[in-house]
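User: Walk me through this model, please. I want to learn how to read each feature and then see the case here.

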Amino acid sequence: NGVSNRCDFVVVDFAKGRPPFRAGAFDLQVASDVLFLDRLARPLLRTFEALASDGGECGGSSSGAAGGGHGRPAAVAVVGHEVRRAVFRGPDGQPKIEEQD
């Protein structure tokens with residue numbers, strides 16, 4: 001997509017536990033379409049927190065209040081998620097749509 005000469009990226013399996021990178025290695029963390037199960041939300045958040053430059057806070061204000069200093073937050077995490085509904089056949093054989101994601 002044309003950004004390889006301006007940034008680095010890595011693939012992280014956040015469900016396996018602690019990320020294999022030091023805190024502060026990345027100032028922007030992006031995840032998209034990774035939360036297929038509710039139980040994955042906490043491991044994803046723990047990974048973001050572990051990668052934050054102060055070792056424990058993502059986001060915060062642009063004043064550096066979150067601990068990043070130099071007028072920026074410790075780390076910024078961006079998560080993209082599309083709500084999906086399963087389609088299945090009900091007991092009557094008719095198509096049904098799952099009520100919750």
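User: Where is His-81 found?
Analyst: His-81 is found in the loop between β2 (76-80) and β3 (87-89). Strands (E, at least two residues) and helices (H or I, at least four) are DSSP runs, numbered from the N terminus. This is a predicted model: local features need pLDDT of at least 70 and side-chain atom pairs 80 or more, while totals for chains, interfaces and linings use all residues. Residues are numbered from 1 along each chain as its sequence is written, and side-chain values use heavy atoms, with hydrogens and water left out.

User: Which residue 49 residues apart from His-81 along the chain has its C-alpha atom 6.1 Å away?
Analyst: That residue is Ser-32. As for accessibility, His-81 counts as partly exposed because its relative accessibility is 40%. The classes are buried (under 20% relative accessible area), exposed (over 50%) and partly exposed in between, with a 1.4 Å probe and protein chains only.

User: What pattern does the protein chain follow along the sequence?
Analyst: The pattern reads β-α-β-β-β, so count DSSP runs in order from the N terminus. The totals are one helix and four strands. Of the 101 residues, 20% count as buried. Take contacts (heavy atoms within 4.5 Å) between residues at least 6 apart in sequence: 39% of these join residues at least 24 apart.

User: How is empty space found, and what volume does the largest pocket have?
Analyst: Rolling a probe the size of a water molecule over the atoms shows where empty space is left. Here the largest pocket has a volume of about 510 Å³. Of its 18 lining residues, the closest to the centre are Val-10, Leu-28, Gln-29, Val-30 and Ala-31. A pocket is an open set of points on a 1 Å grid over the protein atoms alone where a 1.4 Å probe fits, with protein on both sides within 12 Å along at least five of seven lines; lining residues have an atom within 4 Å of a point. The volume is the space filled by probe spheres set on the points, which are joined across faces, edges and corners.

User: Which elements each supply at least two residues of that pocket's lining?
Analyst: β1 (28-32) and α1 (41-51) do. The lining divides into 14 nonpolar, two polar and two charged residues. Nonpolar means Ala, Val, Leu, Ile, Met, Phe, Trp, Tyr, Cys or Pro; charged means Asp, Glu, Lys or Arg; the others, Gly among them, are polar.

User: Is Thr-47 buried or exposed?
Analyst: Thr-47, found in helix α1, counts as buried because its relative accessibility is 6%. A polar atom of the Thr-47 side chain lies 2.9 Å from the backbone oxygen of Pro-43.

User: What is unusual about phi?
Analyst: Most residues other than glycine have a negative phi. Asp-33 is not a glycine, yet has a positive phi of about 55 degrees. Asp-33 sits in the loop between β1 and α1, and counts as partly exposed at 31% relative accessibility.

User: How many salt bridges does a search of the whole structure find?
Analyst: The search finds one. A salt bridge puts a side-chain nitrogen of Lys or Arg within 4 Å of a carboxyl oxygen of Asp or Glu. Here Asp-92 meets Lys-96 at 3.7 Å, N to O. Lys-96 is partly exposed, at 33% relative accessibility.

Key. Polar contact = N/O pair within 3.5 Å; in protein donor to acceptor, adjacent residues only side chain to side chain.
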